[in-house]
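Student: I have a model open and want to learn how to read its features. Where do we begin?

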Amino acid sequence: MSQTISIKLTHEIDKEQWQKIVDGFNESFEANVTVEHLQNGWYISNPWGYAYHALVFNQDNELMAFNTFAPMRYDHGINVVVSGSTFVRKKFRKNVMIMASMFNALRERVAQDGFDIQVGVPNHNSVKYALKINKERLIDDLSYYVLPVSLSKTLGKPLPGFVDSLWRGALKVHLMLNTAISAVFNSKERRRRFSCDVSEDSFEKRFRNQTYKRVNIGETRFAYRVYHEEGKQVAYLMDCRKNGEKTYQSLLQACCYICAKEAVDAILYVGFMHLKQCLLVKLPKKMVPKRLPLVYYILNEKDKEKFNGINVADNWCFSLMSFDVR
């Protein structure tokens, strides 16, 4: 079956193509997104104001597959694209090389435009493909850190009502203790070699969509999103900063605010947390909701010194700030 790959920027996609993308997206992910949701979401939430998209059509002009590389600006002059929204429609999945063709076409285009690294967080169905066919390399699985608000909902187990009541009382004490500890020991996250730009401008553009709540309290700013997750109300903490740095106090202030303002069952932070704190609990691998492997592919082979230590997780600041999951 013949196919054509078209590489377009977000604003270059016409109305008919957007509808085909949304139909394929909803079919593949069993979702219910709209054209407006995709047009005004992750794809334009960056300093460039657009993303790169691969659209694969057959000879009958049916959309077979789709993928996106969204730009991000990193420290040390490194420009990164984050892969996402990848799907191959069910009726075309016998052609196992469609995805590889999309990635190769996108890589060629973004490399021409000066991007250095492509990263992604493939799901459990496509991680083997990413490593073996797309030639990406694994850095590590992202971690989950949780603050249970409702113990029974967080554990996913029915517990007597008094247990949740006791837990809520214990949570207040826990927050108070962390307030005292952070006043004495306000740890800060050291910037890693591979860290996305966290300037005010980038922060504003990243969370421009109204699905996120951005809060400024004095010198502290943070962003989060409340999402209904399999019967639970989960607040995903996207990022938190005090004077531009991720600190114990900014993490605490964000969690205290969410507990006070939102009716949530848990607060969740996903990513590498290079921050000494005793507020959130790191989930063991056997308890994580789903595996989130961070992979990379070097687009710019000329400046090899830029990429020293790229395969070491400790060299990365990577969290929900850096990719589009929630």
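Tutor: With empty space, and with a reminder that this model is predicted. Rolling a probe the size of a water molecule over the atoms shows where empty space is left. Here the second largest cavity holds about 70 Å³ of space. It has 14 lining residues, and the closest to its centre are R241, K246, C317, F318 and S319.

Student: How does the lining of the second largest cavity divide by residue character?

Tutor: Into 7 nonpolar, 2 polar and 5 charged residues.

Student: How many cavities of 30 Å³ or more are found in the whole structure?

Tutor: The search finds 2. The largest has a volume of about 90 Å³. Its lining includes W42, M72, R73, D197, K205 and M321. Strand β3 (63–73) and helix α7 (200–206) are the elements that each give two or more residues to that lining. By character, the lining of the largest cavity splits into 5 nonpolar, 3 polar and 4 charged.

Student: Now the sheet. How do I read strand order?

Tutor: Strands of a sheet pair through backbone hydrogen bonds, either parallel or antiparallel. In this model, 6 strands form an open sheet with mixed pairing, in the order β9-β10-β11-β12-β7-β13. β9 (213–217) and β13 (281–282) are at the edges with a single partner strand each, so one side of each has no neighbour in the sheet.

Student: In which sense do β7 and β13 pair?

Tutor: Antiparallel, over 2 bridges. Y145 stands opposite K282 of β13.

Student: Which strands does helix α8 lie across?

Tutor: Helix α8 (residues 248–261) lies across β7, β9, β10, β11 and β12. Its angle to β11 is about 145°.

Technical notes. Residues are numbered from 1 along each chain as its sequence is written. This is a predicted model: local features need pLDDT of at least 70, side-chain atom pairs count only at pLDDT 80 or more; totals for chains, interfaces and linings use all residues. Side-chain values use heavy atoms; hydrogens and water are left out. Two strands pair if DSSP finds at least two bridges between them. Helices (H or I, at least four residues) and strands (E, at least two) are DSSP runs, numbered from the N terminus. Contact means heavy atoms within 4.5 Å. Axes are lines fitted to C-alpha atoms, for helices over the stretch in contact, and angles run from 0 to 180 degrees between N-to-C directions. On a 1 Å grid over the protein atoms alone, a cavity is a set of points where a 1.4 Å probe fits but cannot get out, and a pocket is an open set with protein on both sides within 12 Å along at least five of seven lines; lining residues have an atom within 4 Å of a point. Grid points are joined across faces, edges and corners, and a volume is the space filled by probe spheres set on the points. Ala, Val, Leu, Ile, Met, Phe, Trp, Tyr, Cys and Pro count as nonpolar, Asp, Glu, Lys and Arg as charged, and the others, Gly among them, as polar.
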